[in-house]
Amino acid sequence: MSDLGLFRVVGGADRGGIIVRSERELGSDAVARLSAGALVKGLECHEGRLLYELVQGDGPSKGWVTMNLRGKDLLVKASTVTSEESTAEGSTDSDPDSPKALVEAEATQDEKGEKISPDEREALHRYESKFNEVRDGIHAGYNRKSFPWALPQKVKETSEDVIKAAEAFKEKRQRKTRYWDVDSDGEEVTLCPRCFMPLGESAYEGKQKSTFVHPECMAQVMIEEMQEQEAEFLKEQKEKKLKNRQEHDIGWCPSTVPSNSSLAERFGLKANGLTCLVWDEATRNVKVAATLEPSAAVNLEYLALALKVRRQERREPLFSLDPVDPQNMETTTQKKRYEPQWLAGTSVGDVMFQADYFLKELALGEYDMPVLGMLSVFDWSEMKERNKAWAGREWFVVRKAEVRTAEDNTLIPHVRMGVEAREQVVTKKGMEDAPVTLPNHPLKKFADAFTKNFDLIAERKSVVFHLRELAKASVMAKYLVDSKARLDPAWYKLADEIVQSTPPEQYPEIPQLWNMR
């Protein structure tokens, strides 16, 4: 232990002195009080706590006391007190040459001699008021430009390194937060480091050393930690999904939609916008024409490929995502299945795959619902089938299809689309539809809501809109084939060229889509 000098007790006069504890910690036992005015010898100081040895006064001979409480000194250096007392006592014997002594002498001389007139006093007052004015030559009568010391001096700019060093030094010298206080009875109490309120009978150990928190505060801490862990988990899941999307080319890109301008030229039409088909009843043929009506517009590449499917397979294009291993649904990958298979990699195959994947992502709550009030399958499951495990599938369907003829013989394809859903069960043959899917099943509720708002969703989501455009082209192809229209061979030649120029499917299998809450 080192000698820190003498200290005088100046606090606790109204409470019988300051509290003395046996140990350095505030939670240690209180021995007694050290009387005000006592003189002690400092032996050790640690974070505002002083270990002393009594020299003069009443109180324990040795112990730990607090030096400062709420900005008020409880102990001060004995030399400071002595110097203040000596200054107060010797103020009458001040230096005769000091300004205060000269003023007092001048005032005494005035009292003994003639009295100062009001005009003289006012002149003296104005003279004194001029001492603080800037004398840099601006004010008339106080021109001091001839004296260099009167001119304003240039202040040297402090370098950024010095400023940063000073700020860093201040940060290092920040005082530690004090987790104790004194109550109305003068007793020291421990505070909660979270709410800074006194602790009660029960408390939990805090994160910081030698700290304790209320049970309510500990509950808040645990909730915040759980929220941070959940946010970190969701962030990792999002990054993993984004990586899968980039690696397997998942995600709709409107720039992949085929343009009509280059294909229309092959049919003798120069058009940069929408195109439609006009029926010629005499020749039972169709010709490509420009249009401004979106309902009559048809994508020519979609139509060419749909005609090829209709002519060869006698059906509509079909796509499905099937599990590779139905017995292990949680970890198996999903295989893309096209009918016919040569649609893989074409614009028709891409729009069917991207729309199907978007439907599944939306059902699992990956995105905000496109229509206010719609709920995801996750939301319906928590409300209806919270503790029940199930599997199912959902897909787009065409509920109504027809081709209308306008007054100018323009063919207008019209479709009404929706979403179907079925619960599935695992059998020896793989995944099969369950015999009955209840109307309140989460998948069925989501499918019904999507069907009800299909046209609105199609206007808001590009991939759904172009899936509907593909359905219109497929309906138009069926109409032309069934009506035995005399089609230009260029339609089938165009479809063959598109299929031949399409590269093989780069990612025939993709990772399982998942979501966790």
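Reader: Let's begin with a loop: between which two strands does N409 lie?

Author: Happy to start there, with the reminder that this is a predicted model. N409 sits in a loop, with one strand covering 391-405 and the other covering 410-427. Those two strands are β18 and β19.

Reader: What is the phi of N409, and is the residue buried or exposed, or something in between?

Author: Most residues other than glycine have a negative phi. N409 is not a glycine, yet its phi is positive, near 65 degrees. Buried would need under 20% relative accessible area and exposed over 50%. The relative accessibility of N409 is 35%, so N409 counts as partly exposed.

Reader: Where does R314 lie, and does it count as buried or exposed?

Author: R314 also has a positive phi, about 60 degrees, although it is not a glycine. Its place is in the loop between α7 (300-313) and β16. Its relative accessibility is 59%, and the cut-off for exposed is over 50%, so R314 counts as exposed.

Reader: That loop leads me to β16; in what order do the strands of its sheet come?

Author: Strands of a sheet pair through backbone hydrogen bonds, either parallel or antiparallel. Here three strands form an open sheet, and the pairing is antiparallel. The edge strands, each pairing on one side only, are β16 (318-323) and β21 (509-510). The order is therefore β16-β17-β21.

Reader: Which helix packs on this sheet, and what angle does its direction make with that of β16?

Author: The helix spans residues 347-363 and touches β16, β17 and β21. It is α8, and its direction makes an angle with that of β16 of about 50 degrees.

Reader: How many bridges join β16 to β17, and what is the bridge partner of L318?

Author: β17 covers residues 334-339 and runs antiparallel to β16. Six bridges join the two strands. In β17, the bridge partner of L318 is E339.

Reader: Which residue follows E339 across a cis peptide bond, and where is its place?

Author: Most peptide bonds are trans. The bond that leaves E339 is cis, with omega near 0 degrees. The residue on its other side has its place in the loop between β17 and α8. That residue is P340.

Reader: Stepping back, how many helices and strands are in the chain, and what percentage of its residues is buried?

Author: The chain holds 13 helices and 21 strands. It has 517 residues, and the buried share of them is 37%.

Notes
Residues numbered from 1 in each chain as written. Predicted model: local features only at pLDDT ≥ 70, side-chain atom pairs only at ≥ 80, totals over all residues. Heavy atoms only, no water. Helix = DSSP H or I, 4+ residues; strand = E, 2+ residues; numbered from the N terminus. Contact = heavy atoms within 4.5 Å. Axes fitted to C-alpha atoms, helices over the stretch in contact; angles between N-to-C directions. Buried < 20%, exposed > 50% of the residue type's maximum accessible area, 1.4 Å probe, protein only.
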